Every structure is written in C-alpha cells, then in structure tokens.
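Welcome! Please open the structure in your viewer and keep the selection tool handy, and we will walk through it stop by stop.

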Amino acid sequence: MQHAALTIDPAFRIAEVDPRLFGSFVEHMGRCVYTGIFEPGHATADDEGFRGDVAELVRELAPPILRYPGGNFVSGYNWEDGIGPRESRPRTLDLAWRSYETNQVGVDEFTKWARRMGSEPMMAVNLGTRGIDAARNLVEYANHPGGSYWSDLRRRNGTSEPHGIALWCLGNEMDGPWQLGHKTAAEYARLAAETARAMRRVDPSIELVACGSSHQRMPTFGDWEATVLRETYDLVDYVSLHGYYEQRGDDRGSFLASGVNMDRFIESVIATCDHVRGAGQHRKRVNLAFDEWNVWYLGKFAGEENLDWSERPRLIEDQYSVVDAVVVGSLLISLLRHADRVKIACLAQLVNVIAPIRSEPDGPAWRQTTFHPYALTSRHGRGSVLRVEPTGPTYETSWMGEVPVVDATAVHDEETGTVTVFAVNRDQHEPVALDIDLRSLPNLTTGEHTALFDDDPDATNTAAQPDRVTPTRLADVKATEGTITAVLPALSWNMLRFDSR
Amino acid sequence: MQHAALTIDPAFRIAEVDPRLFGSFVEHMGRCVYTGIFEPGHATADDEGFRGDVAELVRELAPPILRYPGGNFVSGYNWEDGIGPRESRPRTLDLAWRSYETNQVGVDEFTKWARRMGSEPMMAVNLGTRGIDAARNLVEYANHPGGSYWSDLRRRNGTSEPHGIALWCLGNEMDGPWQLGHKTAAEYARLAAETARAMRRVDPSIELVACGSSHQRMPTFGDWEATVLRETYDLVDYVSLHGYYEQRGDDRGSFLASGVNMDRFIESVIATCDHVRGAGQHRKRVNLAFDEWNVWYLGKFAGEENLDWSERPRLIEDQYSVVDAVVVGSLLISLLRHADRVKIACLAQLVNVIAPIRSEPDGPAWRQTTFHPYALTSRHGRGSVLRVEPTGPTYETSWMGEVPVVDATAVHDEETGTVTVFAVNRDQHEPVALDIDLRSLPNLTTGEHTALFDDDPDATNTAAQPDRVTPTRLADVKATEGTITAVLPALSWNMLRFDSR
Amino acid sequence: MQHAALTIDPAFRIAEVDPRLFGSFVEHMGRCVYTGIFEPGHATADDEGFRGDVAELVRELAPPILRYPGGNFVSGYNWEDGIGPRESRPRTLDLAWRSYETNQVGVDEFTKWARRMGSEPMMAVNLGTRGIDAARNLVEYANHPGGSYWSDLRRRNGTSEPHGIALWCLGNEMDGPWQLGHKTAAEYARLAAETARAMRRVDPSIELVACGSSHQRMPTFGDWEATVLRETYDLVDYVSLHGYYEQRGDDRGSFLASGVNMDRFIESVIATCDHVRGAGQHRKRVNLAFDEWNVWYLGKFAGEENLDWSERPRLIEDQYSVVDAVVVGSLLISLLRHADRVKIACLAQLVNVIAPIRSEPDGPAWRQTTFHPYALTSRHGRGSVLRVEPTGPTYETSWMGEVPVVDATAVHDEETGTVTVFAVNRDQHEPVALDIDLRSLPNLTTGEHTALFDDDPDATNTAAQPDRVTPTRLADVKATEGTITAVLPALSWNMLRFDSR
C-alpha cells in the first residue's frame, strides 16, 4: 500500500481559524429563499413563514455568517422594495435571473431569521444600478439607532433596536460583463471607495468587503484587484474571491485536484494585496473573503439569457455525488490551510441552489452529500491551524500538472487539546496509508476516524433516499511509537480526531 | 442642352430599402407636440386631444417610425412625469429648450397616437441626467406583459397590452457639450454598454441605437464612434448620425451639393463601423441610423441660452423654399443610395419645428415645400435600390469641390416591376437632359415625370397660400431604342416612374 | 449541372487596374537571390552573374514591380554592405534567416537587373535596427543626381545617373514580435512618420508604403493600422497587407475559400483607412499595398529559430499543386475586385522561396503550377475591372462559413474592347456552367476558354516534369441570345476572353 506522511507539532502554527470561514450564502435566486428557507403554508412553517424542517438542517450546519441578498441579484435590487407591509411590496423583475421577485422576504425578515439560526448577516449593497445613496440609506436603516428618516422607518416597520449588521459587501462580481451595471476596474474602484466612505460615515464600526475577481480566469484577474485596492486600501477590510469547480468530461483526476487550484488562486490574491500594501507603504493588511465557492456544474446551466420569466424557478439545483463531497471537503482543507489570510468564506448557496440542503415545496428537506464534510469541518475545524507539510505519492493531471494524492491539514484546539486532521485521498482506486507523526503531543490518544466514501462514487442523496450517502466510522487507525497510521479509503474525505488523555 | 446619363440594370443591386429610411421625429420642443400634433380644443381635435387636420397630413406622409421624445429634451426628461392621470402630472422645466413642459403627452399617449398614424415609435432613453435604472424601468413599463411593478402600473394606467416598442435610442447627441449630462466618448461608451445590457435583460427582442456624432464637424467625429463601438459592438444594432444643412450667404451652389456631403459623412461612419468590426474580429455588422436630418437655418436660431422661459414657444419654425425642397429631395437620394447600410432615417422634425407640416394654434395645418419630395420618395422609394453610376456635367463649389450637376438613384419594385428614378438638377439656370439606359428591362413603358421646381426658387407655402408650391406633372419624356430621355428643369427635384407593360 | 451567372456591363466599372497589382518580391532569403536570380558560373549566367534561364521566365511573368531586399531580412540589413567593389563587401550574419550573407548583390546590381527584366524596384528601408539616417542616405544614394556625398559615391560605384526608385517601403512587418527591432504601433507610427518626412525631403516625388499588420490574425490587427495612419496619414500613400494561405489537414473546402478571407481582410483595412480619413477630415485616400501574398505551407516550416547557420540554405521551397494554383488564381480575382483601393500587390517570392519559378544550382529552371494563373492574369488582367455580381450555388466551410462555389471577376480593355473573365470553380467534384450575360456588349465574339485543372489535383511540376501541369484550351463555350455559357471543370481556374468583332 502507498504511504503518505505528515507531522503534527503545535510549534508550527499557521493561524487561529476565523469561524466565518464556514459561512454560507442566501441569494434571492431560484428556490433558495422562496420554498427554500421561506414557505408560508408549509407544514413546518413558523409564524413568520419560515420552514422549520429547513431551519433544523441550517442549525445543524450553523453557518456563522450568511451572505445576502446576492449575488448577481443584488446588482439590480432596490432594497426599499423589501421593507414595510408585505401586501404593499411591489412584484419586481429580477433581471439577473429573469424571475419575478415578490419581495416577501427583505432585510428585516432575513436578518431576524439569520439570528434565529445563530448566524450573522453579511449584507451586500447594489453597486450595479445604484450607488452611494442607496447604500448609505440601507446602513442607516439597518444600523442607526433612531431619530433619522431611515432608522425611524425601520422602527415603524417593527424593529426598534438596530440590526447591527457588522459585515458588508460593496457590490457583487462587478468585474463580470454579465453583471447589471458591470464596471471597469477604475470605475468600480472609485465607486467602491466613495460608497465605503459614506457607509462608514453612517456606522464607523462596520467591516467592508471589496469585490475581487469573479473567478481566476477572468481576463482582468490580478489587475482588477490591484486597481481596486490601490483606490480603496484604507477603506476596506477584505477583498473577495469567487470560485466554482466541476468535472469536465471524464477528467475526474483534474476535478479532484480542485483544491490545488484554489490554493494557487488564494496565494495569488494574497500576493496582490501585499503588493499594494508594499507599494502604498500601508501598515494594515487586507485579508480575503472567499465569499462564493462550491462545486457547480456550470456546464449544465443553460445560461440566464435562456430562461423564461417565472417565479421561484428551479435554477441550478445540482444533485451532488460522493465525488463532489470529497472535492468540497478538499476545498475546505485549502481554505483552512490559508486561515492566516482567508477570514471569511461562504459556501454558495445554502438551500436548493447548488446547496448542501435541498427542499421540496410542500415536501421534505434533506442533506446532500456535500452537507457532511461541510458540517463536520465547521464543527471540528475550530482552533489553530497547524502546518503539517504532508509528503507522499503524486499523480499527473491535465489541469494542474503533478498533484499530491493525499491532501491534508490539521487543527489544534488549544483549550481541549484535541487535534483534528482533515485529509482527502484522491486516488480513485487504491487506499493510501497516512502516517501521522504525533510525537510532539505524547498525551494524545488514538483517534476516531470518520470518512466519506462509497463503492459508487456517483451515489447521491435524494428525497426518497436522503441518507444514501453518509459518513462512516472506521476502525483502522493504528498507533506505533508516536506515529499513527490511518488507511484512507480510495476516493475519500477523512476526519481523524485525537483527544487529550 | 447638357446631357447626363445613367444605366438601369437589376443585376446591379445595392440593397432592399428598409422602410424605416422614411421615418420622422417628434420632440417635446417648441410646438411640435403642443399645438402641433396635440391640441385639445382645436376644432379638429379627437377625444384624446390630438388634432385631426395634422393627423391627416401625417397619414399622408405615413412615416414608418417616429423618434420620440427627443432630441436634447430627452437628456433631462423623467419619463415617469408623463404617465398616470393627466391632472396629477407635474409641470416641469425643460432645460434643453427653456420651456415649461406640461407632460400632457407621455409615452402612453404618444405610442398610441403613433400607431394610429401607422407609425412605430423609436423611443429614446435619458442618458444625460439618468442611467441604467430609469431606462430598464421604462422598457419594463412599455414592453413587459404584466405581473411586475412597472408593467402593472402601465396596465393600471389603461394600457393592458404591452406597447411592444421595438427600437430604442441610447440617449441623444451625448458627444455635444450643449447636451445635459454630456459625456466623453469613454464615459458614454461604458454607460451605453451597461444600459444596453440591462434593457436587453428586460426585453431581449429590442433593437438599440448607440449615439454617434452630433454632426460631422464635431472635433471628436470618428474617434467618438470608434470608442463607442469598441465597447458596445455586440450590444447595439445601429450607430446614429445627425446632419443639418443650410445655405450660407449667397452660396446656393454649395447648398445644393449637400447630398455630396451627406454621402461622404455616411461613408466615413460605415468605414468606422467596419474598422471596429475588423479589429474586433466580429461577424455581425453594425448599421446606420441617420436619425436626425433636414435643412435647418441654424444661422437664424438665436440659441437656446437666449430664450425666455415659456410654454410651447415658437422655436425654429423655418419656412421652406423650393430650393430647400430640392435639397431635401437630394438628401433622400443620398440615403437611398446607401440603403445597404443606412436602415433608419428620421426627417427632423414632424410638425412646426423645422418640419414638413406646419400648423397654427386654433388655425389651419398645411404642407411645406419639403413635404412633397419626402412624401413622394417615401411612397415610391420602396423595393431594391439599383446602382445607376450617373455620368454627366459637373460644377465647382467652394464647399465640396467639383460636384455632379445631376444626382440620381433608382428603385426597382421587384413585385410590380416598376422602376422609379429620383433625380435632382443642381443647375440653377439651365435644364439638363437625362438619358436613362433601360435596355436591360425592355418591358418597361415610358414613365410619368413628376417634378418640383418654380420660376421663383425662393417661393414657399404659407397658411394663406398652402399650395403655392406643389409638384408638377411633365410630359417631356422621350424613348428611343431602349434609352429614355427626360428633361430635368433648372433647379429641380424629379421623380420618373417606369411601369411594366 | 449546376449553373452560376454573372452580368457584364461597362456602365458598372470598379476601377482601372494598376499594373503594379501583379508585382513580385525578391528577398535575400534562402535561394531567391543566390542560385535563384544570381549564380555566376551557371551555364546561362550573364556578365553580371545573373542566370539567363531564370531571367527568361521572369520576363515571361513580367512583374511590373519587384519588392526588395526584404522581408524580415531588411530589418537587420545595412545597405552600405552591398555597394562598392564586390571583393571588399563583408560577409555578414543575416539574423532573420540565420544565413551568411555575401552581399554580392546589393542595391546597384538589383536595380539594374530589375530594369532589365522590365520591372521597377520597390525598395524597403530598415526600420528595425536603423532609422531616419540610414533611410535618407539610401534615398540620396539612389535618387539624388550628384554633388553630395552619397550620390557621388553612387557615381564612383559606376552608376552615373540616379536610379530613380519611385516606391519605398517604410520597414517590414514591424508589428511582428519575430521582427528584429519590432515596434509597438505607437513607436512605429512615430518612426515611420519621421522617416517618411526625411525621405521626402531628399526626393519629394517618391511614394511611401507604411507597414500594416503582418496578417489578419495579429492581436493588434486594426488598432495597429489606425494608430499608424493617424500619425502618418498625410505622409504615406499606401498601407501594407500580408497574407499567406495553406490547406490545414484535409479541409480543402476551406482552403479553396481563401479568396473570401482575402476579400474580408482587404475590406477591413479599407474601412480602417477611411475611418482615419473621416476622423481626420482628410481629403486624400490612402490605398492598399498587398505586398506579400501567396500560398505558403507555413505548417511545414520548422521556424527560423531552428535553422543552422549556412549560406543560401534551401528555405521553404514549397512545391505547388494544381489546388494551390487554383487558390493563387482565386486570390488574384480577389485583388482585381478591389482594384479601386488595392494598387500594389507582390506575389511572395519570385524564385525558389515559395515562388512561381524554381531553379537548381548548376541545373535547370522551371515554372511551378502557380506560375500559370499568375502570368495569364498579369498579361490579360489589364484595363477596367467591372462589377459582375455573380450569383450561383454555395457550399459550407468550417473556416469562412457559406461561400460561393464560383468566384469571378471581369476586366474590360477599353482600347481593344476585349473583355476577360477570370473564374474559379471551387467544387472539387463537379463542373459548373457559368452563364455570362453580355447583352450590353453585342459586338463581342464568343471567346476562347483557358483553364487550369487536372484529374490529379495534387499534381505538381518538377525539374524532371516541368510541364506536368499547364493550362488547357477548352472548346465548350456556347452562345445564345446575348448569354454565353462556359462549363468550368471541377476544381479549376479559368480565363475566358471575348474579343470585339
């Protein structure tokens, strides 16, 4: 059997994990909001119209932040349409997804629901069709205590205390020609700077995310970030990254290497941030918000131009397989490994739309395969990320060249002493033995091994078989003289936990 | 007598005439709308307040499209002011023409009236003081069937079916410093692109016209078009041209050569379109919309800065002479000759304001001299334009150098077989014999000859003498062995029709 | 049998053919000069060392102009190395083609030889490694009568009368990164302008060609020309185009459509010239010099980086087939059709290097297949090109979309009355009947039909079989009521001549 190896030593620490690394995303798109989180009349609906069965799964995931309300949606959105008495809210055209928007959920309802889920909202303002004025009004509406037009309107609308939304996105994917009100880098840089200034004048405590590139292959990638950060460096806290991965044709080997691509993407954006920092003689660091990421079978999407106008259409409800779950797990490893600079990440999206949770109107809700690595990493991936320097076999991919068969990271909970190793085996046919050198932590006990894999890597969970794919407890962890060996099944995501004696 | 010659051969075809070449233009300016097409209380007014006498003349012209509502007016216009109950519409300041605008006619009234005239509206959006949002809302109001805020508002305002406006102008003369919200080429290019994208998201079936130069002598002419088209090539269908002609001092010879100038202007814009096409490796062609053209005695206009605030003032109500009508006829020849690339043209404007139709408040309506060549060319200039390669005498002008005395084009109606030759004789004193080689169409009979000319080339039509100048039927067409000879009177516009036997 | 049709009518004339449309090109490259036109010691060599057998074939082609001395070669060339006593000329490194250059032929020898061939030199100056000074000195050496340093040096070198070289190229392919001293568009525009100004100061009568793009797929195509022409419009007479065509894989249908591509290329460059003309309010027109064109199996060329240093190496001595000759014939049709704007064209090159003439050292010289359409079009394609508006069947290509099976043009010799039709049949398997409507010229007699085709379309001419492929006289031209029908063999180039009775 092939062997890979890594060393756990708390002396080699990357950074404390920011819990917001395990955020998610609720866009007014398809059925994420309507018949996703919100469905008055559903058997499980609460008084506000939100589904109880979906809420239960969301609480199990417990995303610390939820980005809202888009996405492409936000670039044509008038937030005022979503406040006040529900019956007088307009039915509008969402040009991003060619959908009718009923505006039955808006900033007030969403923020309250998110808090009930244990989540903080991460609110995006519209820098497509709108600008400074609409943005500063929304901050006033959401965060100002009272005594002014918009804050008093919030109070009249039933929310006496300010929402206190701490984290804001300055638009969405403004580098993409598909975006309503798409901007050049120079245009966006100026608009983001002036909007940031005005928003901070309303509430200086907020944190701001500037739009980076929509994906790494954008022709303006890198130049966009540099232009935007040169103009906004002192005004923003984060720059965003978006990345979606899919298997192209039969090339599963490349798809399994998605995390290698994400590593390079993140490292490139870090370099750009630090380039601007150096050139501008800045002290502060701008960090990264990977605020849209997932597996997305974009190749199967007809494109928004080909949609007919309808309400809450079934859009990109990708059904995820075991392989997709392993890739999601490996992308989480990549995010953890960059915990020193990536402080925020959002699995896009939360329900139905390329989501870990699926629901049917008037029907059940269930966990997709990807739910499991995401939930387990979120729950156990808290503490300090350690450098583990894995060694081992490699394989060749057409996309990313030579990549390691095993990818792994480790998180050390300094309070409890627990160490959790997250590892993927990208070999599609053979198990790999992973040797973990734990000599620097002699008090750790042999750990428990949870793995996600299946004889059928294309297996999925469905309404009929919601638990077809779930994690398995394995018992093949062996300890010898400070080294623990675990056998990682072929094409698997793994979590190994070692507790303090 | 001098001779000119041309050859008719259907094998040498330029293109099918797009009927929209014979469009006109209704701007909220002076008395074009108010006391022009619209005058409640006029003896001939219909239930909607539109004048019946003017409507009769408009139907006689039958312009296939009518550009609306401006012109310079549109760059400060809020279209929402012109919808809903008339009594609650605001009285606003039109900053373009220093006029009070009562908003008694708006998009709903105009569109319905245009349709009653047999015309399609060509609607301009405001890219001076406004942008993407107002534009997409107007498209939604006009063209979306219903079920959304703006489309439902249209329905509530009394128009249940969508207006289905097919053709839209992305602003007006945005290169001109006189324009409210004037833009640089780069600014306009970006705004036009993003507005186009949003408008197409609402209704993908619409056609769009990007602003070209306000006239050929603009310092940015050519570069403006290139910059705008590089940014918008795939998003627009047409680029606009505007051109006004007048006699300067006594130089009638140059004025009569206006069509030569129009030819060069059109050919230069075609070159710019095709340059951008080549450099961008595009397959599609962008065509031309000459959406403002006419004779206009600009030299006599005091300038909009010198106007006093008033309602429906008498603005540039130029009274046209026989010479002006001959020039209008020759400009139509130039447009027809470029039918392969000029698909849209608008005689500016329709009533009172440099217009073929004049009307007096509470008084009569009548045809100016220019009405006649415009009406006749529009009625008979349908079918395929043929290359005719005229040869003949020339004369020297200070403006355009050496120009042909006779200019001509021919249109072949392939269904009926009729050929119509349009020709001007620019010689101010002598008739010219025009030899037409028709040997390739041996079945044509000797045609009828209609001409516009007068012993007094400065004669005009007035309320008192509305038919002082009208076309004349001539009988001096002679046929010999496949060649037909017609004598074109001095300083005349001519139409020669040859029917199939 | 399928039919195509066209109409001949001298009333519809494109332009007089400039004889320089049939030029060729002699570069110091491979064996074009040495053992090509020049080989002292060859059995047929004259006193100057030039081969008599090659000269005989050149005189048969009679190219009115010969571009010289490069090509890529010129961008590293010091013209002074090629003058004065031959024995003291240096042996230099030609970095363009990794060859030893003996400099035994230079400006004096070449110019005299060209004149003996009946050709005018079209001289290129080096704007790669050199600039204004070397260029103005060469003009002084070549064209100044005497009494100055460089002109007196020419006289001392044996040429008392000035060479009077009328046509000059401002460098070669300066947009290509492969070019020594390659320039950006802005750099070249400035250098070309200043060099042009200095050269014209020496001899105001010369005509100048600015470098356009090296081919249509250059990433800077279109923008390059616009930038260069904006800076040089009043200083130059022509802008250059280069285009090489080859069959890719088995796709012969696309290869046969090369002329369609050449049409679009030419029309795009015309558009750019006229765009700059319009934007700059220029009266003059800049015309086109297609000063390198041919079939070239570039895919088979190893690339100049892979050559070993040697003297007169065998470089790109492509052996042309019947298909290649048909494509060369069709490219000549495309050039003729644009005779209003393309005034100069050079088949690249004249001998051995992708050339219509081949020669062996100490051996024979012979005509390649492509020699024939080139020689016949040059001899008979003089007069006025007529519009012929061919109609007929089309076929689908992967490269150029839908293209006509038959392409054709016609030239009218107004002195003799002769009309010559040039036509290709691109159908690889079936003949096509071409109906020619000659009713407008009733005095023409039924013509003679010369065609190039072969049962084996891959057949070539070689030293052993120099006349394997030659044109054939056909006798299947039939006349009925002013229409003449000729059957064009499958995959053929054709010339049909109609003489005045």
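The tour below goes from chain A as a whole to a pocket, and then to two places in chain C.

**Stop 1: the model and chain A**

Keep in mind that you are looking at a predicted model. It scores ipTM 0.80 and pTM 0.86. Now select chain A and colour it by pLDDT: the average is 95, and 100% of its residues score at least 70.

Switch to the cartoon view. How many helices and strands does chain A have? There are ten helices and 26 strands to find. Turn the chain around, and picture a box drawn along its principal axes: the C-alpha atoms fill roughly 70 × 60 × 45 Å. A compact globule of 501 residues would have a radius of gyration near 23 Å, and chain A agrees, with 23 Å. Of those 501 residues, 65% are buried.

**Stop 2: the second largest pocket**

Empty space like this can be found by rolling a probe the size of a water molecule over the atoms. Select A:His215, A:Arg217, A:Tyr244, A:Trp296 and A:Leu298 and show their side chains. Among the 35 residues that line the second largest pocket, these five lie nearest its centre. The pocket holds about 680 Å³ of space.

Next, highlight β10 (238–245), α7 (252–256) and α8 (258–279) of chain A, the elements that each give two or more residues to the lining. Which of them gives the most? That is β10(A), with four residues. If you colour the lining by class, you should count 14 nonpolar, 13 polar and eight charged residues.

**Stop 3: a small sheet in chain C**

Move to chain C and select β5 (92–94), β6 (99–101) and β12 (310–311). Together they form an open sheet of three strands in the order β5-β6-β12, with mixed pairing. Why is one side of β5 and of β12 in chain C left without a neighbour in the sheet? Both strands stand at the edges and have a single partner strand each, so one side of each stays unpaired in the sheet.

Strands of a sheet pair through backbone hydrogen bonds, either parallel or antiparallel. Zoom in on β5(C) and β6(C): they run antiparallel and are joined by three bridges. To see one pair of partners, select C:Asp94 and C:Ser99, which is its bridge partner in β6(C).

**Stop 4: a covered helix**

Finally, select residues 371–380 of chain C, which is helix α10. Is this helix mostly covered or mostly open? It is mostly covered, with nine of its ten residues buried. Including both ends of the helix, the buried residues take in C:Phe371 and C:His380, with C:Tyr374 and C:Leu376 also among them.

Note on methods: Residues numbered from 1 in each chain as written. Chains lettered and ligands numbered in written order. Predicted model: local features only at pLDDT ≥ 70, side-chain atom pairs only at ≥ 80, totals over all residues. Heavy atoms only, no water. pLDDT = per-residue confidence, 0-100. Pairing = 2+ DSSP bridges. 1 Å grid on protein atoms, 1.4 Å probe; cavity = no way out; pocket = protein on both sides within 12 Å on 5 of 7 lines; lining within 4 Å. Points joined across faces, edges and corners; volume = space filled by probe spheres on them. Nonpolar A, V, L, I, M, F, W, Y, C, P; charged D, E, K, R; others polar. Rg over C-alpha atoms; globule rule 2.2 N^0.38 Å. Buried < 20%, exposed > 50% of the residue type's maximum accessible area, 1.4 Å probe, protein only.
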